[in-house]
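This report describes the side-chain contacts and overall dimensions of one protein chain. The sequence and the structure are shown below.

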Amino acid sequence: MLLIPVELRVSPIHGLGVFTRYAIEEGQLLWEFAAGFDQLISWDVARAWRTAAFRFIQHFAVMRPEHWVLPGDHARFMNHSETPTVKGGRATKDYDAGTELTGDYREYDLDWKRKLGIE
């Protein structure tokens, strides 16, 4: 769950992105898992769903060793960057309002190669 006010906008990286509404400080906690709001979906359950539902999970959820993590908010629109603005749920440095929140998929998503078009 994102802990700060954000908005979706067209991203110069890809499609829609998540942008801060206010300035944020280095180390500020921006995202944390909120049980019941963010969803943990087992691999077996996701594979049993119809193709369209599984594709949604593949696109918007993060693959972990035991399950998928599907954010319940705009966090699902965070784009990849090799110089991420968010690492471990925290801001990597001070950012002005309007900064796109990004993560390095390689650090937390086992499906990063497919998502980045490497596989």
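Rings of Phe, Tyr and Trp (its six-membered ring) are paired if their centres lie within 6.5 Å; planes under 30 degrees apart are called stacked, those over 60 edge-to-face, and the rest tilted. The model is a predicted one, in which local features need pLDDT of at least 70 and side-chain atom pairs count only at pLDDT 80 or more, whereas totals for chains, interfaces and linings use all residues. Residues are numbered from 1 along each chain as its sequence is written, and side-chain values use heavy atoms, with hydrogens and water left out.

**Aromatic contacts**

By the ring criterion, the count comes to 4 aromatic pairs. F54 and W68 form an edge-to-face pair, with 6.2 Å from centre to centre and 90 degrees between the planes. Because F54 belongs to helix 2 (residues 51-60) and W68 to strand 5 (residues 67-70), this pair ties together parts that are 14 residues apart in sequence. Helices (H or I, at least four residues) and strands (E, at least two) are DSSP runs, numbered from the N terminus. W68 is buried, at a relative accessible area of 2%, while F54 is partly exposed at 22%; buried stands for under 20% relative accessible area, exposed for over 50%, and partly exposed for values in between (1.4 Å probe, protein chains only).

The rings of Y105 and Y108 have centres 6.2 Å apart and planes at 75 degrees, so this pair is edge-to-face. Y105 and Y108 are 3 residues apart in helix 3 (residues 105-108), a separation of about one helical turn. Y105 is buried, with 15% relative accessible area, and Y108 is partly exposed at 28%.

Ring pairs also link F56, F60 and F77 into a cluster. R76 lies over the face of F60, 5.9 Å from the ring centre; this assignment requires NZ of Lys or CZ of Arg within 6 Å of the ring centre and within 35 degrees of the ring normal.

**Salt bridges**

Side chains of opposite charge can pair when their charged atoms come close. The structure holds 7 salt bridges, each defined as a side-chain nitrogen of Lys or Arg within 4 Å of a carboxyl oxygen of Asp or Glu. The table gives examples.

| Salt bridge | Closest N to O distance |
|---|---|
| E7 and R9 | 2.8 Å |
| R47 and D44 | 3.4 Å |
| D111 and R114 | 2.7 Å |

D111 is buried, with a relative accessible area of 9%, whereas R114 is partly exposed at 34%. Salt bridges with shared partners join E7, R9 and R21 into one network. Within this network, E7 is partly exposed at 30%, and R9 is partly exposed at 35%. R47 and D44 are 3 residues apart in helix 1 (residues 43-48), about one helical turn, and both R47 and D44 are exposed.

**Overall chain**

The chain contains 4 helices and 9 strands, which run β-β-β-α-α-β-β-β-β-β-β-α-α from the N terminus on. Its C-alpha atoms fill a box of roughly 45 × 30 × 25 Å along the principal axes. Of the 119 residues, 38% are buried. One buried residue is E100, at 9% relative accessible area, which lies in strand 9 (residues 100-103). The C-alpha atoms of E100 and G17 are separated by 6.5 Å, although these residues are 83 residues apart along the chain.
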